[in-house]
Amino acid sequence: MYGRRIYWTIGGFLLPVFVLYTFVFILPVVQTAYQSFFSWNGIHSVPMKYVGLDNYDEMFRSEEFYRALRNVGVFIAASFVLILPVAFAMALAVTSKMRGRRFFKVAYFIPSILPLASVGLMWQFLLKGDGLVNSLLGMVGLSSWQHEWLGEPSIAIYVVVVVNAWISFGINMIIFSSGIVAIPEDLYEAAALEGAVGWKRVRYITIPLMKETFKVFSVLSVTQSLRVFAQIFVMTGGGPNGATDVPTTMLYNQSFKYNNFGLGNSIGTFIIVAGFLATILLNKLMNGKAGRA
């Protein structure tokens, strides 16, 4: 009797959260997948027309869609090549005993808590043709390095990726810091007696014991790259000529600019499914590596 009462109590506490989660997440996902099989302009009084898989056929035949996926690949690559080592180095710094570490912890984290729209506008102002970046390059005699950073199709996506990395360093520093401080200090003291100090301490103790933290970073990096939107929308709007388009900007344009909600929902469904499959795959890969280790 007492055991049943506990289960009813737990269920009572979980029910409001489950109901909220259902209305906020599950139902919109189901609705998105359902509407992806229809042609609809978003007007409530206009009936939806069932078109089957035509929206998905159009999406997978679109060159713009594959260009958007390549841009997502650039974001994912930058997460592991740029964000991971820098954020990890920041985490090592702020968890060390160096002076001023509290100041640096706050300074590193500030870009992550600023509104993305504000950050995007700030960088747009800095990177425009007569902006601060080009002015500084001219002042130091590097006029040949001046560019229309957000206006040249060949470099615009890389500029946005670097800005995104600058925004992401802080939050990933916190993720890595939590993994570092969870390692018992006794292990470091024992390793020091064996001569494992400096880089050896990081290589043979810190990194191997942070496999779960790296798994969290990997999953978050891939899923966030799939749904990156605000900074691109504010800085370039997907331009120039679609050079910085990603699936989310395509979703926005198709749905709210061209009133093609059927295609927009098919893109949204693809993002959800891709993120889900990537999460499962990364968990299996990381768990497999951890098991072999």
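**View 1. E212 and K215 pair up in a salt bridge.** In this predicted model, the closest N and O atoms of E212 and K215 sit 3.2 Å apart. Both residues belong to helix α10 (residues 211–226), where they are three residues apart, or about one helical turn. The two partners have their own accessibility classes: K215 counts as buried, at 12% relative accessibility, while E212 comes out as partly exposed, at 47%.

**View 2. R61 and D57 form a salt bridge within helix α2.** Here the N to O distance between the side chains is 2.9 Å. R61 and D57 are four residues apart, which again is about one turn of the helix. R61 is exposed, with 65% relative accessibility, and D57 is partly exposed, with a relative accessible area of 39%. With the E212 and K215 pair from the previous view, we have met both ends of a short list: the count for the model is two salt bridges.

**View 3. Helix α2 again, now for its buried residues.** Stay on residues 54–61 and look at N55, Y56 and M59, the buried residues of the helix. Seen down the axis of α2, these buried residues fall within an arc of 95°, so they line one face of the helix. R61, by contrast, counts as exposed.

**View 4. Five residues make a positive surface patch.** The members are K97, R101, R102, K105 and R201. Helix α4 (residues 101–113) supplies the largest share, three residues. One residue worth zooming in on is R102, which lies in that helix. How exposed is R102? Its relative accessible area is 71%, and that puts R102 in the exposed class.

**View 5. Helix α12 and the residue just after it.** The helix runs over residues 247–257, and its buried residues are P247, T248, T249, M250, N253, Q254 and S255. Just past the end of α12, have a look at the backbone of N259: its phi is positive, at about 55°.

**View 6. Zooming back out to the whole protein.** The close-ups above come from a chain with 13 helices and two strands. Of its 293 residues, 38% are buried. Taken along the principal axes, the C-alpha atoms fill a box of roughly 80 × 75 × 35 Å.

Key
Residues are numbered from 1 along each chain as its sequence is written. This is a predicted model: local features need pLDDT of at least 70, side-chain atom pairs count only at pLDDT 80 or more; totals for chains, interfaces and linings use all residues. Side-chain values use heavy atoms; hydrogens and water are left out. Buried means under 20% relative accessible area, exposed over 50%, partly exposed in between (1.4 Å probe, protein chains only). The arc is that of the directions from the helix axis to the C-beta atoms. Patches are made of residues with over 30% relative accessible area and no salt bridge: like charges are joined within 9 Å, nonpolar side chains (Val, Leu, Ile, Met, Phe, Trp, Tyr) within 5 Å. Accessible areas come from the Shrake-Rupley method with a 1.4 Å probe; for residues, only the protein chains shown count as cover. A salt bridge is a side-chain nitrogen of Lys or Arg within 4 Å of a carboxyl oxygen of Asp or Glu. Lys and Arg count as positive and Asp and Glu as negative; His and the chain ends are not counted. The place of a charge is taken as NZ of Lys, CZ of Arg, CG of Asp or CD of Glu.
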